[in-house]
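Biologist: Could you walk me through this model and tell me how each label is earned?

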Amino acid sequence: MKLVLLILAASVGLAGCAAIQRSQVRDIEQLLAAAGFKMQLADTAEQQQQLAAMPAYRLLNRTKGDGVEYTYADPTSCKCVYVGGSKEYAEYQRVTTEQQIAQERRWAAEDAVNWGLWGPRYWR
């Protein structure tokens, strides 16, 4: 019985982790699209093989001609690659930083509200 409960708890924990990862991937892909990265679907068998060979869920760069090309592979959800250049990457960095600042402001506002609930009167 204990083994069954342990297995059940582990599977629930892993499912939760997978859901968080999917959410993070979706957020990153939305930011990439907002920054101007182009989504390229892996439609052919050759493209699907290339996609499978790429590191998944990592923003990578490589020299291409006189510039740099950035790629982000998603082999499970969209079966696609997001592709952009230096301009799109700089915009991605900007929107990512904006999002982090906004999140920190939300946390600070929540902390202020929570401190108000547990403020100086609580400690008397």
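Modeller: Happily; we will take the strands, the core and the pocket in turn. This is a predicted model, where local features need pLDDT of at least 70 and side-chain atom pairs count only at pLDDT 80 or more, while totals for chains, interfaces and linings use all residues. Residues are numbered from 1 along each chain as its sequence is written, and side-chain values use heavy atoms, with hydrogens and water left out.

Biologist: Why are strands β2 and β3 said to pair?

Modeller: Pairing requires at least two bridges found by DSSP; β2 (residues 59–64) and β3 (residues 67–74) have six, in the antiparallel sense, so they are called paired. L60 stands opposite T71 in β3. Two residues separate the strands in a hairpin, and G65 in the turn has a positive phi of about 65 degrees.

Biologist: What makes up the largest nonpolar core?

Modeller: A nonpolar core is a set of buried Ala, Val, Leu, Ile, Met, Phe, Trp, Tyr and Cys residues joined through side-chain atoms within 4.5 Å, and buried means under 20% relative accessible area (1.4 Å probe, protein chains only). The largest core has 11 residues, including V25, F37, Y72 and C80. Its largest share, three residues, comes from α1 (2–34). Apart from it lies another core of five residues, among them A42 and V81.

Biologist: Which residues does C80 touch, not counting those up to four places away in sequence?

Modeller: With contact meaning heavy atoms within 4.5 Å, C80 touches M39, Q40, L41, A42, L51, Y72, A73 and D74.

Methods. Helices (H or I, at least four residues) and strands (E, at least two) are DSSP runs, numbered from the N terminus. Buried means under 20% relative accessible area, exposed over 50%, partly exposed in between (1.4 Å probe, protein chains only).
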